[in-house]
Amino acid sequence: MKSQDIRSKFLKFFEDKQHAIVPSAPMVLKDDPTLMFVNSGMAPFKEYFLGNAEPKSKRIADTQKCLRVSGKHNDLEEVGYDTYHHTLFEMLGNWSFGDYFKKEAIAWAWELLTEVYKIDKNILYVTVFEGDKGDDLPMDQEAYDFWKEHISEDRILMGNKKDNFWEMGDQGPCGPCSEIHVDIRSDEEKSKVSGKDLVNMDHPQVVEIWNLVFMQYNRKANGSLESLPSKHIDTGMGFERLCMVLQGVKSNYDTDVFTPIIREIETIAGKDYGKNEKVDVAIRVISDHVRAVAFSIADGQLPSNTGAGYVIRRILRRAIRYSFTFLDQKDPFIYRLVDVLSKKMGEAFPELKKEKHLIENVIKEEEASFLRTLDQGLVLLDGIVSNTKGDTVSGERAFELYDTYGFPIDLTALILSEKGLKLDEQGFQEQLEKQKNRSRAASEMSTEDWTVLIDDAEQEFIGYDNLEANVKITRYRKVTSKKDGDMYQLVFNLTPFYAEGGGQVGDKGYLEDINGDVVYVLDTKKENNVIIHFVKNLPEHLSETHKAVVDANQRYRTECNHTATHLLHQALRDILGTHVEQKGSAVHAKHLRFDFSHFSKVTSEELQEVENFVNARIAGKLPLKEQRNVPMEQAISEGAMALFGEKYGDTVRTVRFGQSIELCGGTHVKNTGDIWYFKIVSESAVAAGIRRIEAITNDAMKDYFEEGYQVLSEIKSLLNNAKEPVKAIENLQEENSSLKKQIEQLLKDKAKNIKGELKNEITNINGIQFLTKQVDLDAAGIKDLCFELGSQYDNLFLLFGAENDGKALLTCYISKELVAEKGLNAGQIVRELGKYIQGGGGGQPFFATAGGKNPSGIKEALGAVKNYIA
Ligand code: ATP
Ligand code: MG
């Protein structure tokens with residue numbers, strides 16, 4: 001069965017069981033501070049499990065892109081070495097939100113595997129939670145009894161808390177689970193060791209394919225468990241592993257999910273898969289990692305230096321390292337795999353097709369730049385090696401190479417071992433540990449349980465229409481971090497505060513109680529669909545009604561920038577072309593930033609046009625036309641554009657100003673005229689194929705003009721109030737360059753004169769044409785002088801001293817015959833003379849220089865040499 005059919009059979013099966021089929025959510029999470037990437041099928045549904053939102057259906061099924069490279073689930077180091085863990089993989093899942101429970105979940109999983117996919121029952125094992133004393137949890141007898149109806153009891157195994165109790169994080173919904181394992185070994189192997197003994201033992205052909213989680217508890221901050229009022233089902237089946245079983249192969253990489261990519265790598269690199277273990281690992285690493293990186297870029301997460309972007313960069317660099325070391329690829333090539341990938345998976349994930357060029361460009365540039373880093377690193381490593389006494393390179397030096405220059409440590413170790421040297425691994429680990437502790441301490445955070453003041457309260461956002469409201473605090477909790485100290489997070493029954501999202505910053509403002517006491521709201525953020533207000537201190541009278549007031553000034557300036565961002569987007573598509581797509585935005589009170597796909601620098605004429613376009617629409621005083629709760633399809637048919645990597649509900653909000661129409665949850669001015677004026681302040685590159693425009697509006701424009709005017713006034717006054725300052729500056733520049741030329745000529749003349757004088761001072765000592773002298777020339781002038789004299793005299797020995805900017809310089813020149821015959825060495829000589837001028841230097845045997853901070857020692861140095869030669 002082809003992988004495409006395997007996927008659609010799964011979805012069809014659950015559709016027939018009344019599940020709503022939804023597309024995969026984006027892989028990069030936006031409003032969950034505990035998680036960077038979706039790492040299991042349930043992550044996008046967290047808000048439903050937490051009871052913060054209602055799902056559109058109580059039964060859902062999908063295939064979800066998951067990435068396991070950081071945090072609690074991190075499989076990165078396994079990937080490539082084994083045949084069944086990936087960084088990015090698809091998790092097929094079916095969900096019940098307070099609907100069906102263990103009985104149906106177990107029966108359907110069994111039906112699908114054995115009747116639809118027709119997997120032989122005799123290669124399957126299931127596990128059941130055995131209970132846990134510490135948590136005072138009983139064995140999952142219920143699940144055991146349901147399994148018994150389908151599978152013989154000797155295939156039901158007991159599992160411990162590590163494998164059979166699933167937790168979302170340190171806190172939150174959790175419960176026992178049943179895993180389904182498959183034994184795909186040959187009969188001969190089975191007869192030697194029973195599959196029973198290999199379940200959960202990391203055997204590559206006795207692997208877990210599906211996990212059915214029965215969510216029935218909630219883990220509180222103090223570690224205790226409470227029963228959940230309504231129980232949920234969360235299942236996850238590894239798609240690639242399922243394909244391995246159904247396609248009768250022994251490795252995920254031998255399924256049609258991977259073989260086209262592997263064939264392409266073989267062709268490009270000229271290596272065969274399956275001949276040499278090291279090459280095989282590299283090929284698996286690359287074929288896995290290119291998927292993770294491509295999907296991430298398609299979702300709008302580009303490689304970068306921080307956060308999620310840094311994780312992606314590290315994945316790509318791991319692939320480059322393996323291709324560099326084991327496939328001998330010294331030029332970018334991973335980007336060339338994107339074509340096959342998008343052909344193969346573009347059907348199920350259209351973003352891969354749509355964003356193909358961007359993905360290729362970004363990967364190619366990342367490859368080129370990391371390959372340069374590797375080149376530089378090799379040179380630096382050579383330097384370290386030649387300065388190493390003994391046979392061990394210090395961990396500190398290796399760490400520096402790793403930390404400052406980004407040179408991978410495994411490559412350092414490999415190169416050293418090829419040179420017969422050792423790496424002080426322990427020293428390296430110590431440095432790494434120290435650094436980790438530093439950053440851990442900086443990011444440590446503790447979160448208390450919510451204290452609920454009003455149970456079951458819904459939350460309503462009223463901030464599109466109001467900046468003030470009387471609100472009740474429904475719950476609060478304390479969060480402590482190194483960075484911010486103690487903070488409190490408050491949730492209201494209704495709120496005018498806009499939570500950070502869609503690029504727009506969160507509102508600030510204050511809460512006022514009936515006595516007029518005020519607590520400032522420092523920021524507003526969304527977490528799993530709940531709007532949270534950050535305050536430094538808890539209000540004194542928590543349960544009373546408070547007046548919640550948004551900082552109207554900050555909100556207004558932010559709105560000017562947000563509306564301007566929409567107009568800018570429209571302008572760019574109109575002027576540069578419809579290939580322009582939004583790739584990120586940051587809307588603040590002071591300025592706006594807009595990232596978009598475009599393949600060359602935007603010229604200053606184009607920027608001017610864009611500015612004019614936006615300002616024309618501001619002058620046109622276009623009113624805001626807003627629609628809330630429009631069905632997604634309708635919004636799209638009206639011309640709004642959905643962005644990849646953004647999570648949309650079934651109904652959306654559209655924001656329209658004239659011909660600009662966008663899907664947007666942000667806040668806007670009522671009329672474009674409010675913006676006053678729009679000015680682009682910079683245009684730059686963010687990554688290959690991605691440009692960034694920064695701009696300002698409204699109040700910020702006034703500051704901008706005033707500052708500009710101030711600078712101009714100062715310039716004018718420096719120019720003695722010249723009528724035409726530009727002309728005056730041009731005159732100064734001209735004058736300056738002609739003066740420079742004159743000086744150059746004068747210096748040349750001077751050198752000529754000095755040369756003439758010096759010729760008379762050369763004396764013959766023991767057959768050596770000898771001269772020492774303090775001269776008034778710079779380093780370059782002295783060097784020229786040495787080589788000119790050198791071309792005219794044989795057996796020449798020169799030592800010049802000079803003082804420049806309060807520093808001493810010694811320059812020594814020795815004819816090659818003298819070096820060869822008399823064993824004189826300029827490098828050695830200046831090194832020794834360095835002590836007179838409190839400095840040092842070196843160079844070659846025939847030419848060397850030394851610098852020092854004591855010019856008064858020059859005379860002594862010159863004298864010392866005379867004695868030496870004599
Ligand atoms: P394993 O013990 O094999 O790492 P797991 O216990 O981490 O699996 P779950 O968290 O229960 O797995 O995830 C559900 C399913 O997702 C697994 O049964 C497996 O089929 C699949 N899966 C998990 N991790 C990976 C991975 N890194 N690559 C591919 N598939 C995976
Ligand atoms: Mg795992």
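# A walk through the predicted model

The secondary structure of the protein chain comes to 25 helices and 37 strands. The model is a predicted one. Along its principal axes, the C-alpha trace spans about 110 × 80 × 55 Å. Of the 870 residues in the chain, 50% are buried.

A starting point is ligand 1. The ligand is surrounded by 15 residues, and the closest of these are Asp75, His85, His86, Glu208 and Asn211. By type, the residues of this shell divide into five nonpolar, six polar and four charged. Three contacts with the protein backbone can be followed from the ligand outward. A polar backbone atom of His86 is 2.8 Å from a nitrogen atom of ligand 1. An oxygen atom of the ligand lies 3.0 Å from a backbone N or O atom of Ile209. For Trp210, the distance between a polar backbone atom and an oxygen atom of ligand 1 is 3.5 Å. Taken alone, ligand 1 exposes 580 Å², and 87% of that is buried by the protein.

The site of ligand 1 is the second largest pocket. Three elements give two or more residues to the shell around the ligand: strand E5 (88-97), strand E10 (206-219) and strand E11 (225-238). Strand E10 gives the most, with four residues.

Further along the chain comes helix H7, which covers residues 239-246. This helix is mostly covered, with eight of its eight residues buried. They are Phe239, Glu240, Arg241, Leu242, Cys243, Met244, Val245 and Leu246. After H7 comes Gly248, which has a positive phi, near 65 degrees.

Positive phi values also occur at residues that are not glycine. In general, most residues other than glycine have a negative phi. Asp136 has a positive phi, near 55 degrees. Its place is in the loop between strand E6 (124-129) and helix H4 (141-148). Asp136 counts as exposed because its relative accessible area is 66%, and the cut-off for exposed is over 50%. Asn629 also has a positive phi, near 55 degrees, and is not a glycine. Unlike a loop residue, Asn629 lies in a strand, E27 (residues 625-631). With a relative accessibility of 62%, Asn629 is exposed.

Another strand residue to look at is Ser446, which lies in E14 (residues 445-447). Ser446 has a relative accessible area of 42%, so this residue is partly exposed. The C-alpha atom of Ser446 is separated by 38 Å from that of Ala413, and the two residues are 33 apart along the chain.

The last stop is Asn854, in the loop between strand E37 (847-852) and helix H25 (858-869). Is Asn854 buried or exposed? Asn854 counts as buried because its relative accessibility is 18%, and buried means under 20%. Two polar neighbours of the Asn854 side chain can be named. The side chain of Ser856 makes a polar contact with the side chain of Asn854 at 2.5 Å. A polar atom of the Asn854 side chain also lies 3.3 Å from the backbone oxygen of Tyr836.

Note on methods: Residues are numbered from 1 along each chain as its sequence is written. Chains are lettered from A and ligands numbered from 1 in the order in which they are written. This is a predicted model: local features need pLDDT of at least 70, side-chain atom pairs count only at pLDDT 80 or more; totals for chains, interfaces and linings use all residues. Side-chain values use heavy atoms; hydrogens and water are left out. A residue is near a molecule or strand if one of its heavy atoms lies within 4 Å of it. A polar contact is a pair of N or O atoms within 3.5 Å; within protein, one must be able to donate a hydrogen and the other to accept it, and residues adjacent in sequence count only if both atoms are side-chain atoms. Accessible areas come from the Shrake-Rupley method with a 1.4 Å probe; for residues, only the protein chains shown count as cover. On a 1 Å grid over the protein atoms alone, a cavity is a set of points where a 1.4 Å probe fits but cannot get out, and a pocket is an open set with protein on both sides within 12 Å along at least five of seven lines; lining residues have an atom within 4 Å of a point. A molecule sits in a cavity or pocket if more than half of its atoms lie within 2 Å of its grid points. Ala, Val, Leu, Ile, Met, Phe, Trp, Tyr, Cys and Pro count as nonpolar, Asp, Glu, Lys and Arg as charged, and the others, Gly among them, as polar. Buried means under 20% relative accessible area, exposed over 50%, partly exposed in between (1.4 Å probe, protein chains only).
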